[in-house]
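Subject: The structure I promised you

Hi,

Here is the structure we talked about. Open it next to this email and follow along as you read.

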Amino acid sequence: MSALSLKNLKDNPERLATLIDKVKKGSPFTKVGGKIENDRDNVYLEFLYPEIENALLEKKGLTHQDISGRGKNKIFRNTKKKSELLGLSDLEKTAELGSSKGSGGGAEATAITESMQCFFTAYLFNGSNADFNFSKDYEKELKTFYKSVANNDYVHAYNKASRYRFNDLWNKSPKDEEWMQTYMATANMIKSKSTKFNGNVYFHRGSPFMDSIYEKKKTCEKHNKDLIKSGEAPSFLAESLTSFSNDKWNPGDIWMSTNKPTDEPFTWAPPEMKKDMQVHVCDWVNLQKSVYESADAGETLGISLKKTGKTANFSEFNTPQKKQEIKYRGFKFGNGDFFNSADVYIEFSGGGSMQYRPTDGNKSWQGEIKGTKASGGKAGGGATNYYTELYFGKSIDANTKLASGTWKEKKGEIKDIDKKKMHELYLIHNRNQTSKKRTEVKISKEVAAKKGNPYTVLQDFSMVEKGKDYIYTSNKDEVNLADFKIIGDNYTTRGKNASKNFYFGKYMALVFIDAVEASSTSPGNRNGFATDVIRYAQSNIDNVSTYFWKIF
């Protein structure tokens, strides 16, 4: 896992907000080389100087330059060891601060924390009359409760084929202050909202009961494909996404149910359907209603989890009521300087955005919601192209709608003819960003001396020397084709040439924005596109996605 960096936080404002919030709340950080799940490796921080927060946010006349001048970037003090000063580079980039390796370090760590949440919550429903008290240690009470075989049956939590038992899981799970607060706050929130769940309440993570739930989704997918092939699908299904991940249908990390683990998860069925057919509900609309009616009756419910700390928030998704429209507000390439990154953001009402960028090297192109409490929801290239076709009448990077199943992202070599096309689209769209900066590139004097300086031939840039760097700033809002290629060919990330990543990401960004921003496109089309692609990323697809709770 890598260390935090100022550039990464600057490019991802929601991560910077999380960092500041953790400092203010007194939540733990992990030092570089430490084990995230080990409380002994946690460190609690305060800002070395009060104005550092404003410098990080670049407010009140302060900038990031004010940070770099502070004692070799040491901007934190260890609250439990006042003599220890730390910088961003001393801290691990954990999942909540942008690591792609998952909360606590991978799939197994996620399985452990989600399963532990099941045990805490099941205890609150089946073994305690009072909410968890944050000042109390519940280890003894929980271990006593789960000594009983009968009580263990309230939790069916698995990692692949292995079922967790409480004592073994307790020894494996992270138990630092923030995680313990998360387990308790989340359980308290679920209990307070689950007034209709009475009697024995069972909790599931990766169990056969959960498998039976998602098997119903697979049945609907098959039924939908068969309908489309037959030519007799309802109009709203004829162009539907025929397959998508389980999370897009219902992202429940855990499920709770008053039905026994061997029973059917949902008992509601269309009243007009014959009884011997009711277990075979296989169309999206009726399955969607079945999941909602079951949850509303206090029977079975999916719950999406996030690490909360002491304060847990609650939202419900995919209720039968009319869904709020999301409005498209515009777009921005990175931070407003086209050459600063390989991504693009579409911005929408409520202050949020969707960042589209290359993922897994150059293997795919994907959008991810940023800057809202729903951050983390994703929409891949295929889903984004589907909604582009739906609202704008053409595929991304095409003048028409391509035949079903033939659209692909632009992969492989970006040739000169492609770069010329990129530059033409850049000239059209760069000036229309919601926030724009003139292009600035830099190279260290040491690298320039050893490997040469490609930027000396830039045609319309001004150069200044600043410390150990040469910094080149464009004299115009847009750069010419020759300079476009020079900067793109020398795009660097973490000291290495990443031009392939840049060209792939920016090619997709430009052809995508060109489809969304076309002069013939109405604001209503853009709002409809934004509404649907963001609902998709939030597992909130009309006619398909099902009711769930999110605790965050």
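Of the 552 residues in the protein chain, 50% count as buried. Before you go further, keep in mind that this is a predicted model. The chain has 19 helices and 22 strands. If you look at contacts with a separation of 6 or more, 69% of them are between residues 24 or more positions apart.

Let's begin with the aromatic rings. How many aromatic pairs does the count come to? It comes to 41 aromatic pairs. Take Tyr154 and Tyr202: their ring centres are 5.8 Å apart and their planes are at 45°, and because planes from 30 to 60 degrees apart count as tilted, this pair is tilted. Tyr154 is in the loop between helix H7 (149-152) and strand S6 (155-159), while Tyr202 belongs to strand S8 (residues 202-205), so the pair links distant parts of the chain, 48 residues apart. Are these two tyrosines buried or exposed? Tyr154 has a relative accessible area of 13% and Tyr202 has 8%; both count as buried because the cut-off is under 20%.

Next, find Tyr356 and Phe512. Their rings also form a tilted pair, with 4.9 Å from centre to centre and 55° between the planes. Tyr356 is in strand S14 (residues 352-359) and Phe512 is in helix H18 (residues 499-516), which puts the two partners 156 residues apart. Both Tyr356 and Phe512 are buried.

Ring pairs can also join up into a group. Colour Phe119, Phe120, Tyr123, Phe132, Tyr138, Phe145, Tyr146, Phe166, Trp170, Trp179 and Tyr183, and you'll see a cluster linked by ring pairs.

Some rings have a charge over them. The charged end of Lys191 sits over the ring of Phe125, at 5.4 Å from the ring centre. Likewise, Lys506 lies over the face of Phe338, and here the distance to the ring centre is 5.0 Å.

Now for the helices. Helix H5 (residues 107-126) packs with helix H9 (residues 177-193) at an angle of about 50°, and their axes are 9 Å apart. Angles between 35 and 65 degrees count as oblique, so H5 is oblique to H9. Their crossing is right-handed. On the H5 side, the residues that meet H9 include Phe120 and Phe125; on the H9 side, Trp179, Tyr183 and Lys191 are among those that meet H5. You've come across these names already: Phe120, Trp179 and Tyr183 are in the ring cluster, and Lys191 and Phe125 are the charge and ring from above.

The other helix pair to look at is H15 (residues 416-429) with H18. They pack at an angle of about 50°, with axes 10 Å apart. That makes H15 oblique to H18 too. This crossing is left-handed. Among the residues of H15 that meet H18 are Met422, Leu425 and Tyr426; from H18, the residues taking part include Lys506, Leu510 and Val511. Lys506 is the lysine that lies over Phe338.

A couple of loop residues are worth a click as well. Asp337 is in the loop between strand S12 (328-332) and strand S13 (344-348). Its relative accessibility is 5%, so Asp337 counts as buried. Which residues is Asp337 in contact with, leaving aside its neighbours within four places in sequence? They are Lys437, Arg438, Thr439 and Glu440. Lys437 is 100 residues away along the chain, yet the C-alpha atoms of Asp337 and Lys437 are separated by 4.9 Å.

Asn540 is in the loop between helix H19 (523-537) and strand S22 (548-551). With a relative accessible area of 9%, Asn540 is buried. Its C-alpha atom is 9.7 Å from that of Pro251, and the two residues are 289 residues apart along the chain.

Last, a look at backbone angles. Most residues other than glycine have a negative phi. Ser539, in that loop between H19 and S22, has a positive phi, near 60°. Ser539 counts as buried, at 4% relative accessibility. Glu58 also has a positive phi, near 55°. Glu58 is in the loop between helix H3 (52-57) and helix H4 (64-68), and at 40% relative accessibility Glu58 counts as partly exposed.

Cheers

Note on methods:
Residues are numbered from 1 along each chain as its sequence is written. This is a predicted model: local features need pLDDT of at least 70, side-chain atom pairs count only at pLDDT 80 or more; totals for chains, interfaces and linings use all residues. Side-chain values use heavy atoms; hydrogens and water are left out. Rings of Phe, Tyr and Trp (its six-membered ring) pair if their centres lie within 6.5 Å; planes under 30 degrees apart count as stacked, over 60 as edge-to-face and the rest as tilted. Helices (H or I, at least four residues) and strands (E, at least two) are DSSP runs, numbered from the N terminus. Buried means under 20% relative accessible area, exposed over 50%, partly exposed in between (1.4 Å probe, protein chains only). A charge sits over a ring if NZ of Lys or CZ of Arg is within 6 Å of the ring centre and within 35 degrees of the ring normal. Axes are lines fitted to C-alpha atoms, for helices over the stretch in contact, and angles run from 0 to 180 degrees between N-to-C directions. Angles under 35 degrees count as roughly parallel, over 145 as roughly antiparallel, 65 to 115 as roughly perpendicular and the rest as oblique. A crossing is left-handed if the near helix is turned anticlockwise from the far one by less than a right angle, and right-handed if clockwise. Contact means heavy atoms within 4.5 Å.
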